Amino acid sequence: MAGRFAPRPARASVRGGEAVVPAGGVPRQAAAPAEVRTWVPDGPLELGLVLGPLRRGPGDPTFRTMPDGSVWRASRTPAGPGTLRVTARGGEVRGEAWGPGAQWLLERLPRMLGADDDPSAFVPRHRLLAFTAHRRPGLRLTRTGLVLESLIPSILEQKVTTLEAYQAWRLLVRKYGEPAPGPAPGRMCVMPAARTWALIPSWEWHKAGVDNKRASTILRAVRVAARLEEAAGMEPAAARERLEVVSGIGPWTSTETVQRSHGAPDEVTVGDLHLPGIVGFALGGDRDADDSAMLRLLEPYAGQRHRAARLVLLSGRVPGRRAPRMAPRGIERL
C-alpha cells in the first residue's frame, strides 16, 4: 500500500467567510497551463477574504488552498468543467485555468475577485466596523456568475449543522462529480452536472445524511437548472424571486446563493439561527436579537448590509455560548 495514496494536505480554517491562505512554503510546481490571465486590482485584495465564502468546509472537493498561497477552484461552467488556480503577488493577480471551462473562468476572473464591487461605498457608522474595515482592506465581494454551484450547497445547509452539510456536499461531489481538469491537487472534483444530480438514488442521499425534504428541493431545482442559471444575469432581487419559485427555496437559501453568484452587497441573510444574535451583540449589545432587530441595526448601511454583516463576522466580536453546540442528527445511521 506504500505510496498508493498521497498524503492529505493540512487543513486551513474558515472564519467569518475567510479561507485562511497559508503564507510561505515551497511553491507548487504545475504543468504548463492551457490558459493564463493576469489582472491588476485597483486596490488591496486578500484572496482568502474574497474567495472564502465559496468554500464549503475544510474538505470541500471543489476548493483548495495551498502552502504557496494559491487558491484552486473546480467549477462547472456553461462551457464545461474547469479548474482555476489563482495567485496574488506584488499587487498582480495571476489566473491559470484548465479544461473546457478555462476560458470562461479567466474571462470572469476580475468579477470573481470583486472587480464589480465598490468597497468605498461602505461608510462605517460604528467603531467596530470602522476598525475592522481598516484592518481588513482587502475584503471584496465575489461574483461567480454561477447559480447552481452556490444553490445546491446552500440547500444542503438548510436547518442542519454545518458539519452535516459539509459532509453531505463532500460525499456527493466526490462520488458523483468528475476529477478536476489539469494538474489540480489530489481528489479535487467538479460538482455533478444537473442531470447527474437528478439521477442520484434515494438511498445515496440518505447515506450522505440528506433528508428527503432537502433532496427533493435539489431535485426540483436541477430540473429547471437552465432557467435558474439565467438568474445570474438578473439583478439580485429578481434573481432571488426566480429562485424562490422552486418549492423548498426560501429567503435564507436564495440570499445565500446570490451573495456568491451576484456579489450582492445589500443582500443580508434572514432566517439564520446565529447571525441576528451576532450582529445584535456586536452593534447593539443584544445577543438575543431577532431578524427584525438585526435589520434595524443594519438600516444605516442600506445598500451595503451584506458587507456590514461580513465585517461583523470578521471582527471576532461574537457572544459567548450559553449552550452546547447542536448535535448532528446523523440520519444516515437510521
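## A tour of salt bridges, cavities and one buried alanine

Select Glu46 to begin: this residue is partly exposed, at a relative accessible area of 27%. What you have open is a predicted model, so every stop on this tour is a computed one.

**Stop 1: Glu46 and its partner**

Keep Glu46 selected and add Arg136. Their side chains meet in a salt bridge, 3.1 Å from N to O. The two residues come from distant parts of the chain, 90 residues apart. Glu46 is in the loop between strand 3 (35-39) and helix 1 (47-51), while Arg136 is in the loop between helix 4 (127-135) and helix 5. Is Arg136 buried or exposed? Its relative accessibility is 14%, so Arg136 counts as buried. Glu46, by contrast, is partly exposed.

**Stop 2: a network of charges**

Now select Asp68, Arg85, Arg94 and Glu96 together, and you will have a network linked by salt bridges. Zoom in on Arg94 and Glu96: the closest N and O atoms of this salt bridge are 3.8 Å apart. Colour the pair by accessibility if you like. Arg94 is partly exposed, with a relative accessible area of 33%, whereas Glu96 is buried, with 6%.

**Stop 3: helix 8 to helix 6**

Next, pick Glu204 and Lys175. They form a salt bridge in which the closest N and O atoms are 2.9 Å apart. Glu204 belongs to helix 8 (residues 202-207) and Lys175 to helix 6 (residues 162-176), so this pair ties together parts that are 29 residues apart in sequence. Glu204 has 10% relative accessibility and therefore counts as buried, while Lys175, with a relative accessible area of 47%, is partly exposed. If you would like to hunt for others, the count for the model comes to 21 salt bridges.

**Stop 4: the largest cavity**

Time to look for empty space. How many cavities of 30 Å³ or more does a search of the whole structure find? There are two. For the largest, which holds about 110 Å³ of space, select Leu54, Thr62, Arg73, Glu149 and Trp169; of the 13 lining residues, these lie nearest the centre. Two elements give two or more residues to this lining: strand 5 (71-77) and helix 5 (148-156). Helix 5 gives the most, with three residues. Colour the lining by residue class and you should find six nonpolar, two polar and five charged residues.

**Stop 5: the second largest cavity**

Keep Arg73 selected, since it also appears in the list for the next stop. Add Trp104, Leu105, Arg108, Met112, Arg143, Thr144 and Leu146, and the lining of the second largest cavity is complete. The volume here is about 50 Å³. By class, the lining residues divide into four nonpolar, one polar and three charged.

**Stop 6: Ala215**

Finish by selecting Ala215, in helix 9 (residues 212-223). With 5% relative accessibility, Ala215 counts as buried. Which residues is Ala215 in contact with, leaving aside its neighbours within four places in sequence? Show Trp205 and Val210: these are the contacts. For a distance label, draw a line from C-alpha to C-alpha between Ala215 and Trp205, which should read 6.7 Å. In sequence, Ala215 and Trp205 are 10 residues apart.

Methods:
Residues numbered from 1 in each chain as written. Predicted model: local features only at pLDDT ≥ 70, side-chain atom pairs only at ≥ 80, totals over all residues. Heavy atoms only, no water. Helix = DSSP H or I, 4+ residues; strand = E, 2+ residues; numbered from the N terminus. Buried < 20%, exposed > 50% of the residue type's maximum accessible area, 1.4 Å probe, protein only. Contact = heavy atoms within 4.5 Å. 1 Å grid on protein atoms, 1.4 Å probe; cavity = no way out; pocket = protein on both sides within 12 Å on 5 of 7 lines; lining within 4 Å. Points joined across faces, edges and corners; volume = space filled by probe spheres on them. Nonpolar A, V, L, I, M, F, W, Y, C, P; charged D, E, K, R; others polar. Salt bridge = Lys/Arg side-chain N within 4 Å of Asp/Glu carboxyl O.
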